[in-house]
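Colleague: I should like to learn how to read strands, helices and charged pairs in a model. Could you guide me through them one at a time?

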Amino acid sequence: MKKALALFSGGCDSLIAMKLLKDQGIEVIALHFNIGFGGNKDKREYFKNATAQIPVELKVIDIREQFFNSVLFKPKYGYGKYFNPCIDCHANMFGNAFAYLLECGADFIISGEVLGQRPKSQRKQALDEVRKLVREIGKDSKFDKILSRDGSDKNKPKMLDELLLRPMSAKLLEPSFAEKMGWVDRDKLLDISGRGRTRQLQMIESYGFKYFEKPGGGCLLTQDSIAQKIKDLSAHRTMILEDIEMIKVGRYLVLENGARCVVGRNEEENQKLSAPNPLMEKITLLDSIGPVGLIEKNASKEDKLLSARIVLGYAKTQQGQEYNVQIGDEIFTTQALEKEKSAQYLLLKS
């Protein structure tokens, strides 16, 4: 039995791709890579339910640090409309998948990509660019044992990208090594292209799948609000990994003297903003109920005082009354700033 690793985003395309291979008697493992921008909610339970429908094993791998350090700020093929390095991101996921392939003894990689579905990453040119990046990754000597670089062993491909298969559009693309070797029956793969999802949704219905994500971009890097925050913070200072959670939630403000401040909007965001960040100090209300805030450690005293007033303005406070607010090791006694005045500091105006 051949074994395939499937990039699993959570959507219907990757579910169908896995189903097509599983129905051919191939063992499939669903790989979900956490890059830190998949969303603000924990989807692990959904992933388990969705993959159980096929059924296939689920493996969730955290690559946030590697993605942040190697891809996010230096993509070879640039960004989409926002801050989404889709081509480099896809190639990076394939690279991580092939590294896991060596570990678990799988034979090839599949993905649910559909030709022409996404303007940045799934045009024919984009798929070819991903292929080139994967080919570069394959030059690493660690892949020597699964490749026949001189072509002398016909049971192995010459280059790593030959082990990529996209079942949803396979009949519109050059046959992969898995198809050429007869591991996969090409006639049982699909020829879907374009942005429409009618055919996929019909297949999902015919399979009786209950758990599948509706069509639409799930990556936060394709959202204008996230892109604006990343662009602002990275222009202001060098971003660190811990900043990811901070820019995904809360009200993001640029204060009088240039310090960046984030204020939570609900209990869930308060918990996320309470995670340690070596460049930020927590703003804690000592005698009132309200949000958690963060401000840069090197902010001026004036900006820290202003941040205390802003956080109080979003809390349950009375105008004209003084309250105690702790920022780092320092305690400020001050009054709440009206929300209308705080709004002038918001990066994203509503």
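**Charged pairs and an open sheet**

Modeller: Let us begin with a charged pair in this predicted model: the side chains of lysine 139 and glutamate 136 form a salt bridge, at 2.9 Å from N to O.

Colleague: What is the general idea behind such a pair?

Modeller: Side chains of opposite charge can pair when their charged atoms come close. By the rule applied here, the count comes to 22 salt bridges.

Colleague: Is lysine 139 buried or exposed?

Modeller: Lysine 139 counts as exposed, because its relative accessibility is 56% and the cut-off for that class is over 50%. Its partner, glutamate 136, is partly exposed, with a relative accessible area of 43%.

Colleague: Which residue meets lysine 19 in a salt bridge?

Modeller: The partner of lysine 19 is aspartate 23, at 3.3 Å from N to O. Lysine 19 has 16% relative accessibility and therefore counts as buried, since the limit is under 20%.

Colleague: Which elements does the salt bridge between lysine 304 and glutamate 281 tie together?

Modeller: The side chains of lysine 304 and glutamate 281 meet at 2.8 Å, N to O. Lysine 304 belongs to helix α11 and glutamate 281 to strand β8, so the salt bridge links parts that lie 23 residues apart in sequence. Both lysine 304 and glutamate 281 are buried. Elsewhere, Arg131, Arg135 and Asp161 are joined into one network by salt bridges that share partners.

Colleague: Let us turn to the sheet. How should I read its strand order?

Modeller: Strands of a sheet pair through backbone hydrogen bonds, either parallel or antiparallel. Here, six strands form an open sheet with antiparallel pairing, in the order β6-β7-β9-β8-β10-β11. Strands β6 (251-254) and β11 (330-335) are at the edges, and each has a single partner strand, so one side of each has no neighbour in the sheet. On average, neighbouring strands of this sheet are turned by 25 degrees against each other, direction ignored.

Colleague: How many bridges join strand β8 to β9?

Modeller: Strand β8 (residues 280-285) and β9 run antiparallel and are joined by four bridges; lysine 282 stands opposite leucine 294 in β9. Strand β7 (residues 260-263) also pairs with β9 in the antiparallel sense, over three bridges. Valine 263 stands opposite glycine 293 of β9, and cysteine 261 has isoleucine 295 of β9 as its bridge partner.

Colleague: Which residues lie on each side of strand β9?

Modeller: In a regular strand the side chains alternate between the two faces of the sheet. In β9 (residues 293-296), Gly293 and Ile295 are on one side, while Leu294 and Glu296 are on the other. These four residues are all buried, and both faces of the strand are covered.

Colleague: Which strands does helix α8 lie across?

Modeller: Helix α8 (residues 224-236) lies across β6, β7 and β9, and runs at about 40 degrees to β6. Helix α11 lies across β6, β7, β8, β9, β10 (322-327) and β11, at about 60 degrees to β11.

Colleague: How many residues does helix α11 have?

Modeller: Helix α11 (residues 301-313) has 13 residues; from its first C-alpha to its last it reaches 18 Å, close to the 18 Å expected at 1.5 Å a residue. Its buried residues include Leu306, Ile310, Val311 and Leu312.

Methods. Residues numbered from 1 in each chain as written. Predicted model: local features only at pLDDT ≥ 70, side-chain atom pairs only at ≥ 80, totals over all residues. Heavy atoms only, no water. Helix = DSSP H or I, 4+ residues; strand = E, 2+ residues; numbered from the N terminus. Expected span 1.5 Å × (residues − 1). Buried < 20%, exposed > 50% of the residue type's maximum accessible area, 1.4 Å probe, protein only. Pairing = 2+ DSSP bridges. Salt bridge = Lys/Arg side-chain N within 4 Å of Asp/Glu carboxyl O. Axes fitted to C-alpha atoms, helices over the stretch in contact; angles between N-to-C directions. Contact = heavy atoms within 4.5 Å.
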